[in-house]
Amino acid sequence: MKDFVAIDVETANYERTSICSIGAVKVRDGQVVDTFYELVKPEPEYYVRRFTETIHGISMRDTENARTFDAVWRDLHPWLEGLPLVAHNKAFDEGCIRACHRVYRMDYPEYPFYCTYLMARRAIRKPAIGSYSLPVVCSYLGIEFSDHHQALPDAMGCAQICLALTN
C-alpha cells in the first residue's frame with residue numbers, strides 16, 4: 001500500500017465513544033505528506049484515573065474546551081480524501097470511530113480499514129518478536145518510535161509499519 005491514512009484514537013474511559021484524541025498520518029506514493037491531531041471532548045465526559053495517569057496522560061482539563069467528535073470528524077473526513085484507513089489493532093480504533101458515529105447520529109462511510117497488528121502477525125513469527133504491540137513491532141522493524149499511547153506518534157508508527165510490511 002502506498003496511499004492510505006494511518007489513524008489512532010485514545011479514549012478517556014472504558015466507553016468506546018469516549019475518544020479524547022485523534023491522530024492521523026496521510027501517506028501518498030509511499031511518503032508521509034501530512035498529519036492531523038486534535039484533542040476531543042469525550043462522550044461520556046469523564047476520565048478513568050488509570051487512563052490519565054498511566055496510559056495517555058490526557059485529562060478533563062486538557063479537553064474541557066475541545067470540540068466534540070462530530071465537529072472534529074466533519075473536518076477530518078474530507079482530509080481523509082477517501083483513502084483507506086490503517087490502524088494498529090483496527091478492532092479498537094474502528095470500533096471507537098463507529099461508536100462515535102452512532103452516538104452523534106452520523107452516517108458511517110464504509111472506509112476500507114486495514115490492521116497493521118494483523119499484518120505483523122502474518123509477516124513476523126512470534127518467537128522472533130515476542131509481542132505484536134506497536135512499540136515492539138516498530139523496534140523489530142527498526143522504526144524509530146516513542147510516546148506510545150499518544151495518538152499522533154501511534155498513527156506515525158502504524159504508518160511506518162504499514163509501509164515496511166507492504167512495500
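Let's start with the pocket. Strand 1 gives four residues to the lining of the largest pocket, and that is the largest share. One caution before I go on: this is a predicted model.

How much space lies in the largest pocket? About 390 Å³. Its lining counts 21 residues. Nearest the pocket centre are Val9, Glu10, Asn89, Phe92 and His149. Three elements give two or more residues to that lining: strand 1, residues 4-11; helix 1, residues 49-55; and helix 4, residues 90-103. Now the chemistry of the lining. By class, we have seven nonpolar residues, eight polar and six charged.

Next, the inside of the fold. As a general point, nonpolar side chains in soluble globular proteins tend to be buried together. Here, the largest nonpolar core holds 23 residues. Which of them touch the most other members? Ile7, Ile19, Ile22, Trp73, Leu76 and Ile97. Several elements feed this core with at least two residues each: strand 1, strand 2 at 19-28, strand 3 at 31-41, helix 3 at 69-80, strand 5 at 85-87, and helix 4. The largest share comes from helix 3, with six residues. So strand 1 and helix 4 turn up twice in this talk: each gives two or more residues to the pocket lining, and each supplies at least two residues of the core.

There is also a second core, separate from that one. It has eleven residues, including Val25, Val27, Ala155 and Leu163.

Let me zoom in on Ile19. Leaving aside residues up to four places away in sequence, Ile19 touches Val9, Glu10 and Thr11. It also touches Val40, Lys41 and Pro42. Then come Phe69, Cys96, Ile97 and Cys100. Two names on that list, Val9 and Glu10, you heard earlier, among the residues nearest the pocket centre.

Now step back to the whole chain. Eight helices and six strands. What order do the elements take from the N terminus on? β-β-β-α-α-β-α-β-α-β-α-α-α-α. The radius of gyration is 15 Å, close to the 15 Å that the globule rule gives for 167 residues, so the chain is as compact as a globular protein of that length. Along its principal axes, the C-alpha trace spans about 40 × 35 × 25 Å.

Two last numbers. Of the 167 residues, 47% are buried. And take the contacts with a sequence separation of 6 or more: 64% of them join residues 24 or more positions apart.

That's the tour. Questions, please.

How values were computed. Residues are numbered from 1 along each chain as its sequence is written. This is a predicted model: local features need pLDDT of at least 70, side-chain atom pairs count only at pLDDT 80 or more; totals for chains, interfaces and linings use all residues. Side-chain values use heavy atoms; hydrogens and water are left out. On a 1 Å grid over the protein atoms alone, a cavity is a set of points where a 1.4 Å probe fits but cannot get out, and a pocket is an open set with protein on both sides within 12 Å along at least five of seven lines; lining residues have an atom within 4 Å of a point. Grid points are joined across faces, edges and corners, and a volume is the space filled by probe spheres set on the points. Ala, Val, Leu, Ile, Met, Phe, Trp, Tyr, Cys and Pro count as nonpolar, Asp, Glu, Lys and Arg as charged, and the others, Gly among them, as polar. A nonpolar core is a set of buried Ala, Val, Leu, Ile, Met, Phe, Trp, Tyr and Cys residues joined through side-chain atoms within 4.5 Å. Buried means under 20% relative accessible area, exposed over 50%, partly exposed in between (1.4 Å probe, protein chains only). Contact means heavy atoms within 4.5 Å. The radius of gyration is taken over C-alpha atoms; the globule rule is 2.2 Å times the number of residues to the power 0.38.
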